[in-house]
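Me: I would like to learn how to read a model like this one, feature by feature. Could we go through it together?

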Amino acid sequence: MKNTDIKKLSVDELNENIKVEGQKLHKLKFAHAISPIENPMQIRDTRKNVARLQTELRSKVLAK
């Protein structure tokens, strides 16, 4: 997800996306711990997406 797309989301949508991406990150880490996944960069990308979403959520909360 790009930053321009993230900025367009509402607070509720941000919370939902954070939840979904967090679950995805947890599953990727678990799968990688059991046996190496094909593309371990997915873990890094997902973690960064969660951080971007949380940053934008915090920005919108503080703006209110």
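Me: Let me start with a single residue. Where is the place of Thr46?

Reply: Happy to help, and please keep in mind that this is a predicted model. To place a residue, look up the secondary-structure element that holds it. Thr46 is in helix 3.

Me: Is Thr46 buried or exposed?

Reply: Here you compare the relative accessible area with a cut-off: buried means under 20%. Thr46 has a relative accessible area of 3%, so it is buried.

Me: Which residues is Thr46 in contact with, leaving aside its neighbours within four places in sequence?

Reply: Setting sequence neighbours aside brings out the contacts made across the fold. For Thr46 these are Glu21, Lys24, Leu25 and Leu28.

Me: Glu21 catches my eye. What is the place of Glu21, and which residues does it touch beyond those up to four places away in sequence?

Reply: Glu21 is in helix 2. Beyond its sequence neighbours, Glu21 touches Thr46, Asn49, Val50 and Leu53. For a charged residue, also look for a partner of opposite charge. Glu21 is buried yet has no salt bridge; Lys24, the nearest side chain of opposite charge, is 4.6 Å away. A salt bridge needs the nitrogen and the oxygen within 4 Å.

Me: How many salt bridges does the structure hold?

Reply: The structure holds 1 salt bridge. Lys7 forms it with Glu56, and their closest N and O atoms are 3.5 Å apart. It helps to ask what such a pair links along the chain. This one links distant parts: Lys7 belongs to helix 1 (residues 3-7) and Glu56 to helix 3 (residues 41-63), 49 residues apart. Glu56 has a relative accessibility of 12%, so it counts as buried.

Me: Now the helices themselves. How many helices and strands are there?

Reply: The protein has 3 helices and 0 strands, and along the sequence the pattern is α-α-α. A good check on a helix is to compare its end-to-end distance with the expected span. Helix 2 (residues 11-34) has 24 residues and reaches 35 Å from first to last C-alpha, close to the expected 34 Å. Helix 3 agrees with expectation, because its 23 residues should span 33 Å at 1.5 Å a residue and its end C-alpha atoms are 33 Å apart.

Me: Which residues of helix 2 and helix 3 are buried?

Reply: List the buried positions, then ask what they pack against. In helix 2 they are Leu14, Ile18, Glu21, Leu25 and Leu28, which pack against helix 1 and helix 3. In helix 3 they are Ile43, Thr46, Asn49, Val50, Leu53, Glu56 and Leu57, and these pack against helix 1 and helix 2.

Me: Which residues make up the largest nonpolar core?

Reply: Read a core as a set of residues joined through their side chains. The largest one here has 6 residues: Ile6, Leu9, Leu14, Ile18, Leu53 and Leu57. Helix 2 and helix 3 are the elements that give two or more residues to it. Take Leu14 as an example: apart from neighbours within four places, Leu14 is in contact with Ile6, Leu9, Leu53, Glu56, Leu57 and Lys60.

Me: And what should I read for the protein as a whole?

Reply: Finish with the totals. The C-alpha atoms fill a box of roughly 45 × 20 × 15 Å along the principal axes. Of the 64 residues, 23% count as buried. The protein exposes about 5000 Å², with carbon and sulfur atoms supplying 54% of it. Among contacts between residues at least 6 apart in sequence, 62% join residues at least 24 apart.

Definitions and conventions
Residues are numbered from 1 along each chain as its sequence is written. This is a predicted model: local features need pLDDT of at least 70, side-chain atom pairs count only at pLDDT 80 or more; totals for chains, interfaces and linings use all residues. Side-chain values use heavy atoms; hydrogens and water are left out. Helices (H or I, at least four residues) and strands (E, at least two) are DSSP runs, numbered from the N terminus. Buried means under 20% relative accessible area, exposed over 50%, partly exposed in between (1.4 Å probe, protein chains only). The expected span of a helix is 1.5 Å times one less than its number of residues. Contact means heavy atoms within 4.5 Å. A nonpolar core is a set of buried Ala, Val, Leu, Ile, Met, Phe, Trp, Tyr and Cys residues joined through side-chain atoms within 4.5 Å. Lys and Arg count as positive and Asp and Glu as negative; His and the chain ends are not counted. Accessible areas come from the Shrake-Rupley method with a 1.4 Å probe; for residues, only the protein chains shown count as cover.
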